[in-house]
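Got the viewer open? Let's take a walk through this fold, one selection at a time.

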Amino acid sequence: MRLHHVQVSMPRGEEELARRFYGDAVGLTEVDKPEDLAGRGGCWFRAFDGDAVVAEIHVGVDEPFRPARRAHPALVVDSLAELEAMAERIEGGGFELSWAERATFTGYLRFHARDGFGNRFEVLTPR
């Protein structure tokens with residue numbers, strides 16, 4: 001068994017903000033939604049290791065929209081340098097980011113951020 005994707009919610013019509021956070025700041029690659037689902041709005045993003053998909057986040061329209069304050073996707077990066085570089089891109093994009101829980105998860109360093117819709121997002125790296 002393996003995880004296929006995680007879905008987070010967004011308000012209708014805010015795809016560009018999703019692209020700024022998940023594409024530009026986080027560094028995921030946007031992929032086309034299947035034709036059957038494209039009319040629903042939202043965007044899909046993937047991370048690749050070579051040709052293999054290693055993470056997938058679907059940002060879907062939810063009406064009425066409410067941000068996930070506690071539930072969240074968490075991505076693991078390979079190094080502290082990669083963690084810090086992503087944090088810089090997220091903060092540089094104008095998104096909220098906190099290192100308050102940096103060393104509170106045994107074996108990892110991490111930060112929490114909020115996408116442009118207020119959804120929680122976590123990134124970790126092994127110590």
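**The whole chain first**

Start with everything shown as a cartoon: the protein chain has three helices and eight strands. Keep in mind that this is a predicted model. Colour from the N terminus and you can follow the order β-α-β-α-β-β-β-α-β-β-β. The radius of gyration is 14 Å, close to the 14 Å that the globule rule gives for 127 residues, so the chain is as compact as a globular protein of that length. If you draw a box along the principal axes, the C-alpha atoms fill roughly 40 × 30 × 30 Å.

Now switch on the surface. The accessible area is about 7500 Å², and carbon and sulfur atoms account for 48% of it. Buried residues make up 40% of the 127. Colour by charge next: there are 16 positive and 22 negative charges, and their mean positions sit 7 Å apart. For the contact-map fans, take contacts between residues at least 6 apart in sequence: 52% of these join residues at least 24 apart.

**Select 15-25: helix α1**

Which residues of α1 are buried? Show side chains and look for E15, L17, A18, F21, Y22, G23 and A25. An α-helix has 3.6 residues a turn, so residues three or four places apart point the same way. Add β1 (6-10), β3, β4, α3 (80-92), β7 (108-114) and β8 (120-126) to the view, as the buried residues of α1 pack against these elements. Just past the end of α1, click on G27, where phi is positive at about 95 degrees.

**Select 29-31 and 43-61: the strands**

Here β2 (residues 29-31) pairs with β3 (residues 43-49) in the antiparallel sense, over three bridges. Pick V31 and find its bridge partner in β3, W44.

Move across to the other pairing of β3. How many bridges join β3 to β4? Seven, with β4 covering residues 52-61 and the two strands running antiparallel. Label R46 to see one such pair: its bridge partner in β4 is E56. In a regular strand the side chains alternate between the two faces of the sheet.

Zoom in on the turn of this hairpin. Two residues lie between β3 and β4, and G50 takes a positive phi near 70 degrees.

**Last stop: E63 and P64**

Follow the chain out of β4 into the loop that leads to β5 (74-76), where you'll find P64. Most residues other than glycine have a negative phi, and most peptide bonds are trans. Check omega from E63 to P64, though: the value is near 0 degrees, and the bond is cis.

Key
Residues numbered from 1 in each chain as written. Predicted model: local features only at pLDDT ≥ 70, side-chain atom pairs only at ≥ 80, totals over all residues. Heavy atoms only, no water. Helix = DSSP H or I, 4+ residues; strand = E, 2+ residues; numbered from the N terminus. Rg over C-alpha atoms; globule rule 2.2 N^0.38 Å. Buried < 20%, exposed > 50% of the residue type's maximum accessible area, 1.4 Å probe, protein only. Contact = heavy atoms within 4.5 Å. Areas by Shrake-Rupley, 256 points an atom, 1.4 Å probe, with all protein chains shown as cover. Lys, Arg positive; Asp, Glu negative; His and termini not counted. Charge placed at Lys NZ, Arg CZ, Asp CG, Glu CD. Pairing = 2+ DSSP bridges.
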